[in-house]
Structures are given as structure tokens and as C-alpha cells.
Amino acid sequence: MTILVEQPELGFEAEQTKFPSDTNELVLDGGFPVPQINSFGHAFRDYDAESERQKSVEEFYRLNHINQSYDFVKRMREEYGKLNRVEMSIWECCELLNDVVDESDPDLDEPQIEHLLQTAEAIRRDYPDEDWLHLTGLIHDLGKVLLLPSFGGLPQWAVVGDTFPLGCVFDESIVHHKYFKGNPDYNNPTYSTKNGIYSEGCGLDNVMISWGHDDYMYLVAKENKTTLPSAALFIIRYHSFYPLHKSEAYKHLMNEEDVENLKWLQIFNKYDLYSKSKVRVDVETVKPYYLSLIDKYFPAKLRW
């Protein structure tokens, strides 16, 4: 697929999203047609299907599960939470993703800016009044700039892939779970129980999640004082947390706000996953709309 382009805990209270009092009013479908196969002719998120990407995806998760330890994530959050690498706008960051391909994704091997616009435009069609959700679709993967040399050139296993909590047991629902046996936390008795170092209902904001583009973009948005609602920040931070929103693992750690925000994440997830295709998006046609949303919810320049 080709798009033709001319050449976000840190002390900020996010705006609260209002949800319908009757949860049945939240339409999870939204009229979005769910395709049955990805661009490689396989079911979406099929990590066992024989394909040209299957072997590289499994090797990615082997490295990810061995290296994503509690101490590693703590160091990454401290380092990148300084936001001292560059100042630029949201759209400038979008354009940087032209050269980024996610090696953990079994469904797409195209530059990430294409996926961002596909996601945002699909949401826009079905939820025309939720402009904050359109913008969330556009920016949710911007943290993948961590792969670029100017952002440290982190390896893929430290930037992309499904995320999971550290400091408690690795749930069996996590893809390629077997590779956690090589993780230094695996045999730590403190981290080997259901709750680990946490308490039931403590809230996901208090849980250490594996490091990557999700948490980085969350930090960027929050520290730069975005006016996006808390549901948007929740989506940005946990959209790769498939053990939670697909398998319902770790729900015992959620608080009431997490439960409400998860409703929006479950809506978003379908567009994030199933909008990946070989369809072109006319960037110059949609760009003015998204620039207006960026101006509404973000400062002109952000610290990254």
C-alpha cells in the first residue's frame, strides 16, 4: 500500500470523558465492516500462520519477552520522561513515520503514517461527532519515532508489539508466552503472583507496563498538557495491551475510571486492527481537518 505525501502520572489532570449512563448506548460496532483476512491473506493477529512475516514476528517476541523486565522499563520511563530530545509539532512527527515499519505486526508491512490515517478516517466515518477520537486515531502510534536515530534508535522489541504488566505474573494469554522463561523477572518470587507488587483495584496508572511507543506517546501528550479527554490518553497508553482488551487478563488491577475508559478502547481497537489495508488515503485532502484538531487539543510545539 502506498500513500502519496508531498515532501503525549506527571501531575496533569486530564479532562474527563462523559459516557452514556446506559452502557448499551455505546455502540461497539459503529457500522464498521470487519474484514476476515489481512493484507497477507491470513486471519488478523494470527501469530502461527505460515507467512513471510511469521518467523520475524516470533523472533521479535522472543527478544521482547526476554528483555522487557521491570528494571528495564523503569530506566526507560525515567530517561524518556525527560522529553529533552526535540521540539516539534504533532504533524511534523506524523511525517517522521514515513520511514517506520512495525516488525511485530503480522498484518501490515507498510509505513506507519498510512496506518494512522486509515485508523483516523475509519473512526471519523462511524463517529463523526467524536473529534477527539479521530485525533487519537491519528496520533496513537506516534511514539514509534523511538525507532529513529534522533530518538535513540531503540530496537524494535523496545518500541512495538503487545504490551503487558511488569511486577506481577506474566499471564498465559500473552502472545508467545514461552519466551518469558528467559526474562530476569520470571523466577522472581515477588513478581510471580497474580497481584505481584500491586493490590487489587489499584488502577492501571499505578502499574508498570512494558516499555514502548504507547507509554512514550502517553508521556508526551500528558506532559505537554494536551486537552484530550482521559479516554484518549487511556487509548494511547493501552492500545497494545491485548492481554487486557482481548483476553480480559489483569482486569483485577483496574479501578472504576479504567473500566469506563476501557469501553472506548474496545471501540478504538477494532479500527486500529481492521483498518489496515491496501487502500490509499489522499493526505492533502484530509490534512487540513487533522491540523485543526491538533490546534484544538495540543500546543503548536511539543517537547519529545
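These legends accompany an overview and four close-up views of a predicted model.

**View 1. The whole chain combines helices and strands.** The secondary structure comes to 10 helices and four strands. Starting at the N terminus, the order of elements is α-α-β-α-α-α-β-β-α-α-α-α-α-β. The chain has 304 residues, and 57% of them are buried. Its accessible surface is about 13200 Å². Carbon and sulfur atoms account for 48% of that surface.

**View 2. Tyr80 meets Tyr216 edge-to-face.** The structure holds 16 aromatic pairs, and Tyr80 with Tyr216 is one of them. The ring centres are 5.8 Å apart, with 80° between the planes. Tyr80 belongs to helix α2 (residues 70–80) and Tyr216 to helix α6 (residues 213–223), so the contact ties together parts that are 136 residues apart in sequence. Both tyrosines, Tyr80 and Tyr216, are buried.

**View 3. Trp132 and Trp264 form an edge-to-face pair.** Here the centre-to-centre distance is 5.1 Å, and the planes make an angle of 80°. Trp132 sits in helix α5 (residues 131–139), while Trp264 sits in helix α9 (residues 256–274). The pair links distant parts of the chain, 132 residues apart. Trp132 and Trp264 are both buried.

**View 4. Four aromatic residues form one cluster.** Its members are Tyr127, Trp132, Trp264 and Tyr271. The edge-to-face pair of Trp132 and Trp264 thus appears again in this view.

**View 5. A charge sits over an aromatic ring.** The charged end of Arg124 lies over the ring of Tyr289. The distance to the ring centre is 3.8 Å.

Notes. Residues numbered from 1 in each chain as written. Predicted model: local features only at pLDDT ≥ 70, side-chain atom pairs only at ≥ 80, totals over all residues. Heavy atoms only, no water. Helix = DSSP H or I, 4+ residues; strand = E, 2+ residues; numbered from the N terminus. Buried < 20%, exposed > 50% of the residue type's maximum accessible area, 1.4 Å probe, protein only. Areas by Shrake-Rupley, 256 points an atom, 1.4 Å probe, with all protein chains shown as cover. Phe/Tyr/Trp six-rings, centres within 6.5 Å; stacked < 30°, edge-to-face > 60°. Lys NZ or Arg CZ within 6 Å of the ring centre and 35° of its normal.
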